[in-house]
Amino acid sequence: MSKDFRRTIGVLRASAIALALVASACEQKPDVGAMQRHFTEHPAPPPDVTSVPSDDRIMAVLTSPPNVPPPTNRTKPARVVVKLTVKEVVMPMADGVQYSYWTFGGTVPGSFIRVRQGDVVEFHLQNDATSTMPHNIDLHAVTGPGGGAASSFTAPGHASQFTFRALNPGLFVYHCATAPVPMHVANGMYGLILVEPPGGLPPVDREYYVMEGDFYTKGKYHAKGLQAFDMDKGIEERPTYVVFNGAEGSLLGDKSLKAYVGDSVRIFFGVGGPNLTSSFHVIGEVFDRVYMEGGTHYQENVQTTMVPAGGSAILDFRVQVPGAYALVDHSLFRAFNQGAVGTLKVSGPEDKLLYSGKQEDSLAEKEQAPQAPVLVDSAPPSTLTRDERIAAGKTLFASTCSACHQATGSGLPGSIPPLAGSDFLVKNDKERVIGVVLNGLSGPVKVNGTSFNSVMPTWNHLTNDELANVLTYVLNSWGNPGGEVAPAEIAKVRGSGAI
Ligand SMILES: [Cu+2]
């Protein structure tokens with residue numbers, strides 16, 4: 001045994017003895033005062049619930065996303081009645097894609113519930129007679145077994161009732177907890193309940209309700225028609241869609257969230273899951289305050305907040321600069337390839353001192369950063385005329401291809417080949433072009449006499465329709481020879497795997 005080793009062992013023994021002494025000292029004299037402090041001060045004692053609010057019942061105002069009920073504005077607890085009906089409804093998950101959702105109140109996420117700390121909540125859960133399944137509700141705001149699940153198990157056409165006391169303030173997720181639980185949640189059975197602290201939250205100009213959820217369909221992303229739930233993908237945590245408020249595009253276009261310059265905005269954000277944790281971010285904004293995990297303390301000046309499945313956060317920020325702000329899950333493939341994108345549209349006067357807009361555009365050869373892709377609101381329908389195909393393809397090109405090949409099809413010298421006048425396209429060897437796009441391209445390639453040696457990723461996650469549109473657009477743009485690519489031609493090459 002070396003000297004060093006023996007010395008080390010000696011030191012270890014000595015410290016073990018010291019630890020044992022400390023432990024026995026603790027055993028001899030337990031610090032009762034500290035323990036009492038622990039239990040009385042931490043966690044904070046519940047509100048005074050010895051007094052029961054009067055028998056007058058207040059009906060809770062429930063709202064559909066992205067709307068939020070008004071503040072309770074009450075100075076003391078009350079008896080609040082919540083009536084929520086479970087409905088199974090077929091609704092669009094994306095353009096041309098239907099899904100049979102299971103919902104609390106007919107929407108995904110379910111109706112927003114707003115109560116105050118100390119309220120006695122009389123909860124009525126009805127399961128619509130058209131339902132195929134029994135359902136129940138587990139509210140994370142409930143202190144009691146199962147969060148109410150066992151007391152609220154309700155067969156189709158029945159109604160259940162239970163009562164709970166809202167002991168803890170915060171923003172809480174509720175969800176169905178009927179077996180198989182993850183399937184009920186994956187079908188859209190979740191929502192938020194806010195328990196206001198006494199005095200309420202600081203007032204803001206606008207409040208919105210947004211929840212992220214992951215969905216698992218038998219068909220691929222954007223595969224058309226009524227899609228069935230895919231249990232295997234759910235177990236493997238391989239979502240087909242990751243979306244805000246239940247469907248792709250539910251916060252885009254006309255349905256964007258809105259605010260005016262100078263407004264204070266609050267987003268009650270939750271994640272239904274069933275699997276994913278969100279990295280929630282608003283592009284071009286900083287959250288002034290984040291009540292992390294839906295609790296009652298806030299962190300300031302946050303860029304991206306992480307919200308777990310079955311968790312929430314309250315996000316407060318002021319909007320100062322007009323424009324469109326994208327809400328995303330910053331796990332970016334979810335935003336760009338699975339639907340997790342929405343918009344907050346801020347209107348009002350510009351303040352050039354806060355944000356100048358573009359001040360210069362000069363050619364900086366190699367260093368030119370690719371443009372941020374423009375996000376598409378929806379996929380085009382499947383039977384299109386050539387002109388409609390060109391129009392749909394143009395949008396898709398802008399969002400998917402132009403970052404590299406440029407809006408003018410010029411490519412970038414030395415790194416990205418042109419599509420404008422590309423001899424690949426002029427030769428009109430459609431099968432080859434389709435193969436290149438489906439399978440990607442890497443290694444040396446000569447386009448119009450110039451050599452390129454780079455990598456293009458595969459685009460086979462786009463549907464046959466989408467690829468037909470984008471290639472028809474490319475063939476009919478920038479002096480290319482024209483013509484049309486049909487979805488069937490894409491299907492053929494996809495099938496044969498040919499390049
Ligand atoms: Cu259910």
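**View 1. Buried residues of helix H9.** In H9, the buried residues are Asp465, Glu466, Leu467, Ala468, Asn469, Val470, Leu471, Thr472, Tyr473, Val474 and Leu475. Here buried means under 20% relative accessible area, exposed over 50% and partly exposed in between, with a 1.4 Å probe and protein chains only. The helix is thus described as mostly covered, with 11 of its 12 residues buried. H9 spans residues 464-475 and reaches 16 Å from its first C-alpha to its last, close to the 16 Å expected at 1.5 Å a residue. The expected span is 1.5 Å times one less than the number of residues in the helix. Helices (H or I, at least four residues) and strands (E, at least two) are DSSP runs, numbered from the N terminus.

The model is predicted: local features need pLDDT of at least 70, side-chain atom pairs count only at pLDDT 80 or more, and totals for chains, interfaces and linings use all residues. Residues are numbered from 1 along each chain as its sequence is written, and side-chain values use heavy atoms, with hydrogens and water left out.

**View 2. The copper site.** Four protein atoms serve as donors of the copper ion, at 2.0 to 2.5 Å from it: His135 ND1, Cys176 SG, His184 ND1 and Met189 SD. Donors are N, O and S atoms within 2.8 Å of the metal (3.2 Å for Na, K and Ca); water is not among the atoms, so sites may look incomplete. The spacing of the donor residues in sequence is H-x40-C-x7-H-x4-M. His135 sits in the loop between strand E5 (120-127) and strand E6 (138-139), and Met189 in the loop between helix H3 (181-186) and strand E9 (190-196), so this pair ties together parts 54 residues apart in sequence. His135 counts as buried because its relative accessibility is 0%. Met189 is likewise buried, at 0% relative accessibility. Angles among the 4 donor atoms run from 88 to 136°, and the site is irregular. Four donors count as tetrahedral if all angles lie between 85 and 135 degrees; four count as square planar and six as octahedral if opposite donors are over 155 degrees apart and all others between 65 and 115; anything else is irregular.

**View 3. Two cis peptide bonds.** The bond from Ala179 to Pro180 is cis, with omega near -10°. Pro180 belongs to the loop between strand E8 (170-175) and H3. A cis bond also joins Gly273 to Pro274, with omega near 15°. Pro274 is placed in the loop between strand E14 (264-273) and strand E15 (278-282).

**View 4. Positive phi at Glu293 and Trp478.** Glu293 is not a glycine, yet its phi is positive, about 55°. The loop between strand E16 (287-291) and strand E17 (298-302) holds Glu293, which counts as exposed at 64% relative accessibility. Trp478, also not a glycine, has a positive phi of about 50°. This tryptophan, Trp478, is in the loop between H9 and helix H10 (487-496). With a relative accessible area of 25%, Trp478 is partly exposed.

**View 5. Stretches of low pLDDT.** The protein chain has a mean pLDDT of 87, and 85% of its residues reach 70 or more. Residues 8-28 have pLDDT below 50 and, beyond near neighbours in sequence, 0 contacts in the model. Residues 366-381 also fall below 50, but this stretch has 29 contacts beyond near neighbours in sequence. The pLDDT is the predictor's confidence in each residue, from 0 to 100, and a contact means heavy atoms within 4.5 Å.
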